[in-house]
Amino acid sequence: MKKRTLQRGLSAFWWLTLIFLYLPLAVVVFFSFNAANSAARFTGFSLRWYERLLGNEQIISAFWNSMVLAIVSAVLALVIGCLLGYGMYRHRHRKLGWLIVLIYLPIVLPDIVFGISEMAFFVSIHRYTGLLQPGLLTMIISHVTFQIPFVALIVYSRLVGLDPTLFEAAKDLYATPFKRAWHFLLPTIKPALISAFFLSFTLSIDDFVISFFTSGPESATLPIYIWGAIKKGVTPEINAIAALMIGAVAIAALMSLLFNRQGQR
Amino acid sequence: MVESSRMASRGRAVVGESRHLLFSVAPGATWIVVFLVLPSLYLMAVAFMTNGPYGLPQMPLTLNSFEQLAGFGFLGWSPGNLYTLLRSLWQTFLATVLVVIVAYPIAYYITTCRIKWRAIMLLLVVVPSWTNQVIRTFGWMNLLAPGTPLSDLAQWLGFIPPNMGLYPSNFAVTLGLVYNFLPFMVLPLYAAFEKLDTAQVQAAQDLYASPLRAFWHAVFPQTLPGLLAGTVLVAIPAFGMYVIPELLGGGKGMMLGNLVANQFAGGSNWPLGAAGAILMLIATFIGLFAMRRIGKRLGGGEEVVI
């Protein structure tokens, strides 16, 4: 009897928490369809903010900046991080404590410290050499820096989970290290590589602080554009673009759910 | 003859291993050293430089920036920066405690549900954090602005003066922090609850322990590693938070992250900003170190290392 009331209470608390988690997102989506330019009163259904989005060149260019940044940085991080993860596995019996510290550094460093370090560094280098002007390039460099550790750790944990005798067998089967890598290693860790790529991509899209401090005047991403609009108090289209980004996340969530289902079967 | 050729092949193997290390580990390690370790060291050096015109660092080396951080300026001492620092500590503490209070029952509840539902429930908790932080915080701005139902309710209850909103305020910042970090606490706590040894709980109940005592002696210690991991994941980034206090806090809700960022964004005073960043780094490493020590004493050291 007592147990059942506890369970009921917990269930109610669970639903309240879900409302708490989704209410801010729901409000943004709801008011993106508002006819009036207000976040307090809903006057009628309208798609005019979405129409205005398509005509806003700044938003379109911010969207492409976000995409280029996320894809280029994720690909670079995948290559470098995969090599690093493999190296960590191959040499795991050596004393590589310094390497572990190095890999955890980008993860534990607070975003703001990360961002301003990069900014101070790039600005100073640019002043003395003319290289690395703040823009898409410096943003890509910074994003790769925080993505590498995640890729390396995912690849490493996948390799550690494998049966070590597989590596012996591969050595017997394929003559050169390159053939071994191509025919055995890469296919074996493919799932890890795919999830590492998507994680890197998501981390890049999700990031605001580090992008904000390393960006230049021409390289605003969507979050940076939204930030600027909120700060200036000009927000009519912001609900619409934010709603589209929330929609993208919802699709990603559904896809990950479907993948999970397939994995269980 | 045989001996020498074996020696040679072993020698080749060692060279091969070293070359392998060079090709696999070196690119990533070099990247992090050049693009993160060097910039951080440069930032630390900036903290000890003099603030030049346009806020750019100059020689000679001084401790001036740390004095400014403590509140000593041209016009004598002012408590502004110290208030900001104390506010950051208080907000971090408050948000972490509240996140634990919400996450604990949620994590437990998920483990009591059917296995096929658990993955979906965890996903539901995590999905909001996949959206960009700026958008999530913007959602709260919409909810807490003047004239919204929540603000009207707060006015009716007398929490805030008429015609005001719930934001900007310290309350809004706390709320934003709890919202932002809840999933980081639920996940490690869920992992701890899932491994819970129920035999211990059974034993406690068989010995006529009250539910509270059974919880305190049989359940709580087992979830402590998850709680510690969650605390690290919540408290460290919360202390350095920039976006939430900037959007929801207003001038009186500023935290250390805003103090640091303002010195760079406005270009006003790099050394002061760098000194604030050093403070944040020290707090980060003290936090990590303390958690590791406590974790090791509990014997769950492995899990606490994030």
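This is a short tour of chain B, and mostly of one pair of its helices.

Before we start, this is a predicted model, where local features need pLDDT of at least 70, side-chain atom pairs count only at pLDDT 80 or more, and totals for chains, interfaces and linings use all residues. Residues are numbered from 1 along each chain as its sequence is written, with chains lettered from A and ligands numbered from 1 in the order in which they are written.

Okay, the overview. Chain B has 13 helices and four strands (DSSP runs numbered from the N terminus: H or I of at least four residues for helices, E of at least two for strands). Of its 306 residues, 42% are buried, that is, 20 or more other C-beta atoms, placed from the backbone, lie within 10 Å of the residue's own.

One buried example is Leu85(B), which counts as such because it has 20 C-beta neighbours inside 10 Å. Leu85(B) sits in helix α3, residues 80-112. Its C-alpha is 9.4 Å from that of Gly276(B), although 191 residues separate the two in sequence.

Now, the helix pair. Helix α5 (residues 133-144) packs with helix α7 (residues 170-194) at about 135°, axes 11 Å apart; the axes are lines fitted to C-alpha atoms over the stretch in contact, and angles run from 0 to 180 degrees between N-to-C directions. So α5(B) and α7(B) are oblique to each other (not under 35 degrees, over 145, or 65 to 115).

Who touches whom? From α5(B) the contact includes Trp140(B) and Leu144(B), and from α7(B) it includes Leu175(B) and Tyr179(B); contact means C-beta atoms, placed from the backbone, within 7 Å.

Key:
Contact = placed C-beta atoms within 7 Å. Buried ≥ 20, exposed ≤ 12 C-beta atoms within 10 Å, placed from the backbone.
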